[in-house]
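Trainee: I should like to learn how to read the features of a protein model. May we go through one together?

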Amino acid sequence: MMMVMQPEGLGAGQDPFAGGGGGEYMEQEEDWDRDLLLDPAWEKQQRKTFTAWCNSHLRKAGTQIEDIEEDFRNGLKLMLLLEVISGERLPRPDKGKMRFHKIANVNKALDFIASKGVKLVSIGAEEIVDGNLKMTLGMIWTIILRFAIQDISVEETSAKEGLLLWCQRKTAPYRNVNVQNFHTSWKDGLALCALIHRHRPDLIDYAKLRKDDPIGNLNTAFEVAEKYLDIPKMLDAEDIVNTPKPDEKAVMTYVSCFYHAFAGAEQAETAANRICKVLAVNQENEKLMEEYEKLASELLEWIRRTVPWLENRTGEPSMSAMQRKLEDFRDYRRLHKPPRVQEKCQLEINFNTLQTKLRLSHRPAFMPSEGKLVSDIANAWRGLEQVEKGYEDWLLSEIRRLQRLQHLAEKFQQKASLHEAWTRGKEEMLNQRDYESASLQEVRALLRRHEAFESDLAAHQDRVEHIAALAQELNELDYHEAASVNSRCQAICDQWDSLGTLTQKRRDALERMEKLLETIDQLQLEFARRAAPFNNWLDGAVEDLQDVWLVHSVEETQVRKLVPSRDQTLQEELARQQVNDRVRRQFAAQANAIGPWIQGKVEEVGRLAAGMMGSLEEQMAGLRQQEQNIINYKSNIDRLEGDHQLLQESLVFDNKHTVYSMEHIRVGWEQLLTSIARTINEVENQVLTRDAKGLSQEQLNEFRASFNHFDRGEVEFARIMTMVDPNATGVVTFQAFIDFMTRETAETDTAEQVVASFKILAGDKSYITSEELRRELPAEQAEYCIRRMTPYKGSGAPAGALDYVAFSSALYGESDL
């Protein structure tokens, strides 16, 4: 008889068949003792269970046993059983049928068991060869412990405890099930049914089971397990129910079959969960990428559409039309552009958040499609604002031009009308032949009157030249009714030339007549000569008093007020300028308060970003409060916009009371909104990093202190900068610094782990099929994989096989799909 020495520390009464490392995989409790007779019921249960368990493996080799103590006596089927369950080859068995041949074969089996770390005690080959039932059952139990139970591991517990914990976890949700052991807890059959239902709810309707029907429950479990799970029936329902305490080894052996039957499913479930987790990260990142691309495309398209409108310098013919253009531009600045400013800021925030998530999950950085980089959008935005500023300058210049044109046109019309009124009847007068019947005195009087008319005519020469100059200026300023002005000016000039010719003809006629009529009255002639300059001055004074003036200030109006005849007009102009000055002062008072407030807030946000202390949640709360304060201040900006609109509608474009223009305020406000949003986003990304890398607040504080005192004179500075500032921008963000400091600490899934998980789902094949993906993964994730996996190019694969290795590598940017 072969004897194996008892291991050190094994005392009397302990299980001599507890295996593995001094029994660490099996607790020593109430185990079979060769010195005690088995309970007849237990022996019956063990014989049936162990026989069925052995056959469940031997059938894979095309054989079975009928009588457990007889069929293992020659050692051949025992060696075969060990080869099947271990997957290893044992030494070649002895072919003879003599007793020593049988003993040799059994010893080979026992030696193999011992080689697996099982320390057998008092089991001899002779007792097995002699058909000792107790020794044979003890040996089979040892084999079951080593190959079916020892390697079970659940939440840091193993072997029997691990199997028990697995059963408890799986049956916890079920009513009337409370697994505490491997004997009485299984008597009513509900625990077995719950195990089956938990993994295959299609096989058992648990809701219809009754606790008072243990025989029915047990037989249901046995039959379903044998038919659908390939677990042979190893127990009898009646033996279990009628025994006060069913045999623990038999129950444990049978239950372990369920663990192994579902272990593949457990492994596949774990693998599927890992894959789903990885895919969820990628899907979320891809969604963010798609949102970025969409938002970037929309923003760039809006800029593309807006720039030509702002580049259009086609003027309008009338002041009202240009004022409508100004109103459209005001709507653009007040209504259409602000949402785009928010979109641009949100785009940058989304980009930074996405890059942080990609770094945390060890994915390659996101590279937007061509022309949609953050820098591309920033350049396009700068171009938009340059064109926008040029457009506003052009609008104001054009309105000033039209204002000047309107004044010139009114002045031209007025002077032309006065001149035309003065010339009315002059040609008829010059064509008169009244001197033919006049006396000398009358002729001399007519001649003097004519000389007075010539003086008047000469005085009107300046008016005509002024009219022509006004027409010339209107032409040079592209007056829209220049053709009408030119026509009228030409008629005036033509008439002026005609008057000049007729005047000369009449002088000649009068002078000829004067020579004939020397007796014309000298006093009458003198009167006419003296009256002419007075008449001319009077006409000029009337003309001057009717002239149109363009003034721009209260002071200038007050000067003009000195002319009594224009008092009413000047009073109206004075009132208008006073209103304008009040609006100027009102705008200035607000702008002088808002400008410094914005600048102060920008500086305050900058200080917060550079020196934030406390927990990230506290920082976020403070920033959110700052953001709300800024948002609440928006009503002040709106009121200032209203005053600015009043100034523009009044054609007031200068303001000596403030250095802040509406443009300065708008740019500062947009900068403030962007600054607070970026700072909040930085903290959000730090939260992502902290949670992903398990950083404590103390570590973050240390990082912040190190970042604030980053020594740019260190020898390693250049090397570090290549990691924290790979694009050589000269700017290092705190987020990049955290990434550098924690680069090696993150625990994330790798491409290799994902490949291993897919390999489990594929049943160890180097490819996977669409059917397997749809069977093992949720529908959304399965279709995601099927759409992106490339065909498998290896040999021996069926049509439609997919390459999960390339796909897994591509998830981490290690290859391209």
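Mentor: Let us begin with a pair of helices. In this predicted model, helix 13 passes helix 15 in a left-handed crossing.

Trainee: At what angle do the axes of helix 13 and helix 15 cross, and how should the angle be read?

Mentor: An angle over 145 degrees counts as roughly antiparallel. The axes of helix 13 (residues 374-423) and helix 15 (residues 440-476) cross at roughly 155° and come within 10 Å. The two helices, 13 and 15, are therefore roughly antiparallel to each other.

Trainee: Which residues make the contact between helix 13 and helix 15?

Mentor: Helix 13 contributes Arg404, Leu405, Leu408, Ala409 and Phe412, among others, while the residues from helix 15 include Phe453, Leu457, Val464, Ile467 and Leu470. Sorted by class, this contact of helix 13 with helix 15 holds 14 nonpolar, three polar and six charged residues.

Trainee: How is the pair formed by helix 7 and helix 8 to be read?

Mentor: The same steps apply. For helix 7 (residues 159-171) and helix 8 (residues 190-199), the axes come within 9 Å and cross at roughly 70°. Angles of 65 to 115 degrees count as roughly perpendicular, and that makes helix 7 roughly perpendicular to helix 8. On the side of helix 7, the residues are Trp166, Cys167, Arg169, Lys170 and Thr171; they meet Ala191, Ala194, Leu195, Arg198 and His199 of helix 8. By class, the contact of helix 7 with helix 8 comprises five nonpolar, two polar and three charged residues.

Trainee: What is found in the loop between helix 7 and helix 8?

Mentor: One residue there deserves attention for its backbone angle. Most residues other than glycine have a negative phi. Asn176, which lies in that loop, has a phi near 65°, a positive value in a residue other than glycine. Asn176 has a relative accessibility of 39%, so it counts as partly exposed.

Trainee: Where is Asp230 found, and what is its phi?

Mentor: Asp230 sits in the loop between helix 9 (214-228) and helix 10 (237-242). Its phi is near 60°, again positive in a residue other than glycine. Asp230 has a relative accessible area of 51%, and because exposed means over 50%, it is classed as exposed.

Trainee: How should I read the interior, and which residues have the most contacts inside the largest nonpolar core?

Mentor: One looks for buried nonpolar side chains that are joined to one another. The largest nonpolar core here has 80 residues, and those with the most contacts inside it are Trp53, Ile143, Trp186 and Phe258. Helix 6 (residues 133-149) supplies the largest share of this core, twelve residues. Apart from this core lies another, of 52 residues, with Trp302, Leu395, Ala471 and Ile492 among them.

Trainee: With which residues is Trp53 in contact, leaving aside its neighbours within four places in sequence?

Mentor: The partners of Trp53 are Leu81, Ile85, Ile143, Ile144, Ala148, Met234, Thr253 and Cys257.

Trainee: How far apart are the C-alpha atoms of Glu43 and Ala250?

Mentor: A separation along the chain and a separation in space are read as two values. Glu43 and Ala250 are 207 residues apart along the chain, and their C-alpha atoms are separated by 9.4 Å. Glu43 belongs to helix 1 (residues 40-58) and, at 25% relative accessibility, counts as partly exposed.

Trainee: What does the protein look like as a whole?

Mentor: Its secondary structure comes to 29 helices and two strands. Of the 817 residues, 47% are buried. Among contacts between residues at least 6 apart in sequence, 74% join residues at least 24 apart.

Methods: Residues numbered from 1 in each chain as written. Heavy atoms only, no water. Core = buried A, V, L, I, M, F, W, Y, C linked by side-chain atoms within 4.5 Å. Buried < 20%, exposed > 50% of the residue type's maximum accessible area, 1.4 Å probe, protein only. Helix = DSSP H or I, 4+ residues; strand = E, 2+ residues; numbered from the N terminus. Contact = heavy atoms within 4.5 Å. Axes fitted to C-alpha atoms, helices over the stretch in contact; angles between N-to-C directions. Parallel < 35°, antiparallel > 145°, perpendicular 65-115°, else oblique. Left-handed = near helix turned anticlockwise from the far one by under 90°. Nonpolar A, V, L, I, M, F, W, Y, C, P; charged D, E, K, R; others polar.
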